[in-house]
Amino acid sequence: RGLVSSISLQEGDRMEGEGVAAEAAEQGEAQAPVEFQCAVCFEELGVEEIAKMPCCFREASTTNLCMSCVQVICEQGIDGRLGKCPKCGSWVSMAAGGVISAGAIAGTCTMCRQAKELADPARRLCDMCVIGRTVALRYECQRCHRAQQIPHPMFRYQETPDAWSSCTWACHVGCGDYTHWRVIPADASKIPPEHCPESWGRREEWLQHVRAARRAG
């Protein structure tokens with residue numbers, strides 16, 4: 001009888017343990033996230049809508065973007081195909097079927113002659129020079145104060161819209177030397193907010209444009 005009682009107790013403990021494990025598993029399944037909130041549009045979406053960015057996506061990340069917002073970002077980007085990741089700033093593109101890939105390759109830019117990522121491989125231009133060609137701006141020379149159009153986004157080196165750039169460019173309108181520049185105030189408003197330095201405080205303006213286009217679509 002003692003042996004039978006011992007076996008019965010062991011069997012009861014085993015069954016109880018299995019019941020606790022099953023209950024824990026059920027609770028785990030119930031608590032598993034089936035939705036996420038997009039960091040751009042703030043919509044609650046199914047996890048199948050998470051955009052797996054080639055630049056910074058992590059399975060355990062709590063900050064994710066939805067496919068629709070990434071599509072809008074790419075469509076509003078350079079040449080209607082190249083967008084900037086809101087999380088890390090890398091360039092990405094989205095092909096048919098929603099496949100997201102890195103949008104630049106390594107190389108030497110034919111404009112600024114720097115070894116950088118080429119956003120336009122066909123013309124061998126880096127992202128900075130592509131932006132400079134896309135957004136033609138006039139700049140004021142710090143030395144002679146004359147205006148010159150520069151095919152490079154010198155505004156990216158300005159701490160504020162009225163500050164002088166931290167790097168130089170050749171002045172062809174008066175100095176004949178490398179000088180510092182700042183974008184002409186009348187042209188500053190032409191700069192898309194997604195291309196402005198973080199210190200200009202226009203990031204939220206960019207994301208608002210993306211939200212509006214995503215919801216309209």
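Strand 6 and strand 7 (residues 115–120) run antiparallel to one another, with four bridges between them. In this predicted model, one of the residue pairs involved is easy to pick out: Thr-108 has Ala-115, in strand 7, as its bridge partner. The pairing belongs to an open sheet of three strands, ordered 6-7-8 and antiparallel. Its edges are taken by strand 6 (105–108) and strand 8 (125–126), each of which pairs on one side only.

Just before that sheet in sequence sits strand 5 (100–102), and Ala-102 is part of this strand. Is Ala-102 buried or exposed? With a relative accessibility of 55%, Ala-102 counts as exposed, because the cut-off for that label is over 50%. Being exposed does not leave Ala-102 without company: leaving aside residues up to four places away in sequence, Ala-102 touches Pro-54, Trp-91, Val-92 and Ser-93. As for Ser-90, its C-alpha lies 7.8 Å from that of Ala-102, with the two residues 12 apart in sequence.

Strand 5 also turns up in the surroundings of helix 2, as one of the elements against which the buried residues of that helix pack. Which residues of helix 2 (residues 67–75) are buried? They are Met-67, Cys-69, Val-70, Val-72, Ile-73 and Cys-74. Besides strand 5, their packing partners are strand 3 (82–84), strand 4 (91–94) and helix 5 (203–216). In an α-helix there are 3.6 residues a turn, so residues three or four places apart point the same way.

Definitions and conventions. Residues are numbered from 1 along each chain as its sequence is written. This is a predicted model: local features need pLDDT of at least 70, side-chain atom pairs count only at pLDDT 80 or more; totals for chains, interfaces and linings use all residues. Side-chain values use heavy atoms; hydrogens and water are left out. Buried means under 20% relative accessible area, exposed over 50%, partly exposed in between (1.4 Å probe, protein chains only). Helices (H or I, at least four residues) and strands (E, at least two) are DSSP runs, numbered from the N terminus. Contact means heavy atoms within 4.5 Å. Two strands pair if DSSP finds at least two bridges between them.
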